[in-house]
Amino acid sequence: MDETEAPPAPAPNVDEVVPSPAKPVYDLDDPTLYLNRELSWLEFNQRVLEEALDPRNRLLERVKFLAITASNLDEFYTKRMGWLKQAYAKDPRFTTVDGLTIAEQMEQVIARCKRMHAAIDAAWHESLGPELADHGIKIVRFGDLEADARGTLTAYFEQAIFPVLTPLVVDPAHPFPFISSGSLSLALNVRHPGTGQDRFARIKVPGNRPRFVDAGDNRFVLLEDLIISHVGMLFPGMDVTESYEIRVIRSAEMGSPGEEADDLLEVIESALRRRRLAQAVSLEVSGDLTDSRRELLLEELQLREGDVYSTAGPLGLADLFQLASLPISHLCDVPFTPATPSWFQGSNDSPSFFSTLRERDILVHHPYESFDKTVVQFVEQAAEDPQVLAIKQTMYRTSPDSPILEALIEAAGRGKQVAVLVELTARFDEANNIEWARKLESAGVHVAYGLPDLKIHSKISLVVREEAAGVTMYAHVGTGNYNSRTARTYTDLGLFTSDARICGDLLRVFNFLTGYGELAETEVLLAAPVNLRRELVRRVQREIAHARSGRPARVAFKMNALEDFELTRLLYEAAQAGVQVDLIVRGICRLRPGLPGLSENVRVVSVIGRFLEHSRVYYFANDGEPEYFIGSADVMKRNLDERIEVLAPVRGAEHRRQLDELLALMLEDRRQGWRLLDREWSRDSSVTAEGAHSLLLARAPFS
């Protein structure tokens, strides 16, 4: 053998061959594959809190994110903790799809909420408060002000605060006062100097006065500090020996009105009155509350020790929105004016606008493109156009000064047939919606409230117009509410179309909502509860079939939440089959990406930034003939089975390219995009490149 040749390799010993590791075998019904809904929601709020701590954001924007985090946590307590307590009272051993019992969830959720409370406090005391002070924005004590400033604030207190306050004492003649949800109160011990008799007293800090009282030169005194500094005016001749801040959060769970409701509006009004007296779910306390007072509060509020969160204060940091709105330009995001798409520019000539819609669909993206100059203008033009015969509209959440509803009242006054479907049970908007419902009815608008057991969550508008060629319909299908205020900060998509099949389907939906009968099968819309779940499942299964046949297969969903068990399980099955699964999920996500042999080809991204990601997009590759849908539905059981929802197909080539770019931008965002791997969310805090929101702002207006 040549010396340069290597000796032949010895024959392998069969007994010593190490087999390739077998792929894990997964049972897709295994509860450990599914993340808990409540804990996943709290992880979303943690991502919001990280924005408050991120030095890449401008200071007042960080203060805003801290206020949002505190507000979100309050909302979690009112909605989800209320639900958990009800479920616990019914059966603490009940198990959800993630395998946790209600009792286990209660324990874990309370512990997680307390950690979040502590993190919010730390963010304020250790980071944002000191940084504001470094920029000359200071929270000061009333007693530390100079005499002139104290005199000015005392005069303000006497004129604008003192008349609003109502001291409430607890004694045999005065029962324990009702404490409304979310309100800030001062809990006091008031002592008679002669007898030494102690009494518990409560003063509600008025929510209709600024929480941060301007003391001049960008200095602010907390309203509760101003009150306690003048508390002697409320209890003349008495000694106030102890004072604490307290906040109570109550459940927002009202339950379903049920089929026996004869007048849904009256039922919801009654439920709103009951909500004021709803079960307390948490108590927040500043300072070291004495044992006797703590026992009194827990007994009167029917809470347990585990429901109490103690802190140095201040409580209710959602009020930091006031400071976040200070007009200090170098500490805020650069303001922008939403673009007006070319199709909506020029004169408000409704015939030419409808002529454009007869020729092509229009897709708009808020807030980059103006809501008022597109959606509001669409309804206003329809209200004024003498050729418009009827307007049909849904209303889930809207602003108290809604220009759309004012336009609909104007349309009714002009003799048009106007029907508005008002969702009375839109949580926390019930009172506003009831007020608008009464105003619309008084103006001659046909108002309907839908069904007691099906929320009207779809965002749809239909205009019926008489033209030379006959009666023609025009529609808007959106992903977000008809609300001019939130449209400035929520990202949403809207499709304007005269497509006869889409408009015909919408007419069926409106007739179902105002009439009597079953919801008819839609032709091109995916509508809940009739076919939305079935059609989403069918399309994912179609991608699975493509993948198993060796063809490229992909689904991409952009949504607020992935909560539904059946669809989550099916997405696991799709990933196993080789389908590329891309999920852009703002909040709740039950799926665990990156599990070997199961979800390795699943990407989950959550984009948190300047705007609240609210648009929903559903993409299916479909073997080279892709399908795109936008609408109001998330992948949650309630959206698929318990609400009126609509997803509309997007067919224009330029609109599909726009949606492709949007999905790619979100999935590739390294600045604002968090990535979920198994159970952990992470983001590279060193990235300095522009995020998706900044890039989309730079690209507006779309043409």
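Is Gln-387 buried, exposed or partly exposed? The points below take up that residue and then the rest of this predicted model.

1. **Gln-387.** Gln-387 is partly exposed, because its relative accessible area is 32%, which falls between the 20% limit for buried and the 50% limit for exposed. The residue sits in the loop that joins helix 10 (372-384) to strand 11. Its partner in space is far along the chain: Gln-387 and Glu-466 are 79 residues apart in sequence. Yet their C-alpha atoms are 5.4 Å apart.

2. **Ser-402.** Strand 11 (388-395) and helix 11 (403-413) are linked by a loop, and Ser-402 is in that loop. Ser-402 counts as buried because its relative accessibility is 1%, and buried means under 20%. Its side chain has a polar contact to inspect. A polar atom of that side chain lies 3.2 Å from the backbone nitrogen of Leu-405.

3. **His-366.** This residue belongs to strand 10 (residues 362-366). With a relative accessible area of 4%, His-366 is buried. The side chain of His-366 reaches the backbone oxygen of Glu-369, at a distance of 2.9 Å. His-366 also appears at a cavity: it is among the residues nearest the centre of the second largest one.

4. **The second largest cavity.** Its volume is about 80 Å³. The lining has 13 residues, and those nearest the centre are His-366, Phe-371, Gly-480, Asn-481 and Asp-492. Two elements give two or more residues each: strand 16 (470-478) and strand 17 (490-497). Strand 17 provides the largest share, 3 residues. By class, the lining holds 5 nonpolar, 7 polar and 1 charged.

5. **The largest cavity.** The whole structure contains 5 cavities of 30 Å³ or more. The largest of them encloses about 120 Å³. It is lined by 14 residues; nearest its centre lie His-117, Asp-121, Glu-284, Gly-316 and Leu-317. Helix 2 (59-90), helix 3 (102-134) and strand 9 (308-311) are the elements that give two or more residues to this lining. The lining divides into 7 nonpolar, 3 polar and 4 charged residues.

6. **The largest pocket.** This open space amounts to about 1,600 Å³. Its lining counts 50 residues, with Asn-72, Glu-75, Tyr-490, Arg-586 and Leu-612 nearest the centre. The elements giving two or more residues are helix 1 (37-53), helix 2, strand 22 (612-613) and helix 16 (637-641). Helix 2 gives the most, with 9 residues. Recall that helix 2 is also one of the elements lining the largest cavity. The pocket lining has 18 nonpolar, 14 polar and 18 charged residues.

7. **Helix 4, length.** How far apart are the end C-alpha atoms of helix 4? They are 20 Å apart. Helix 4 runs over residues 147-161, so it has 15 residues and should span 21 Å at 1.5 Å a residue. The two values agree.

8. **Helix 4, two sides.** Ala-149, Leu-153, Phe-157, Ala-160 and Ile-161 are the buried residues of helix 4. They cover an arc of only 105 degrees around the axis, which means that they sit on the same side of the helix. The spacing has a simple background. An α-helix has 3.6 residues a turn, so residues three or four places apart point the same way. On the other side of helix 4, the exposed residues are Ala-147, Asp-148 and Gln-159.

9. **Helix 14, length and end.** Helix 14 covers residues 532-548, 17 residues in all. From the first C-alpha to the last it reaches 25 Å, close to the 24 Å expected at 1.5 Å a residue. After the helix comes Gly-550, with a positive phi near 85 degrees.

10. **Helix 14, burial.** Is helix 14 mostly covered or mostly uncovered? It is mostly covered, with 12 of its 17 residues buried. Hydrophobic side chains are not the whole list. The buried set includes Leu-532, Leu-536, Val-537, Val-540, Ile-544 and Ala-547. Arg-533, Glu-535, Arg-539, Arg-542, Glu-543 and His-546 are buried too.

How values were computed. Residues numbered from 1 in each chain as written. Predicted model: local features only at pLDDT ≥ 70, side-chain atom pairs only at ≥ 80, totals over all residues. Heavy atoms only, no water. Helix = DSSP H or I, 4+ residues; strand = E, 2+ residues; numbered from the N terminus. Buried < 20%, exposed > 50% of the residue type's maximum accessible area, 1.4 Å probe, protein only. Polar contact = N/O pair within 3.5 Å; in protein donor to acceptor, adjacent residues only side chain to side chain. 1 Å grid on protein atoms, 1.4 Å probe; cavity = no way out; pocket = protein on both sides within 12 Å on 5 of 7 lines; lining within 4 Å. Points joined across faces, edges and corners; volume = space filled by probe spheres on them. Nonpolar A, V, L, I, M, F, W, Y, C, P; charged D, E, K, R; others polar. Expected span 1.5 Å × (residues − 1). Arc of directions from axis to C-beta.
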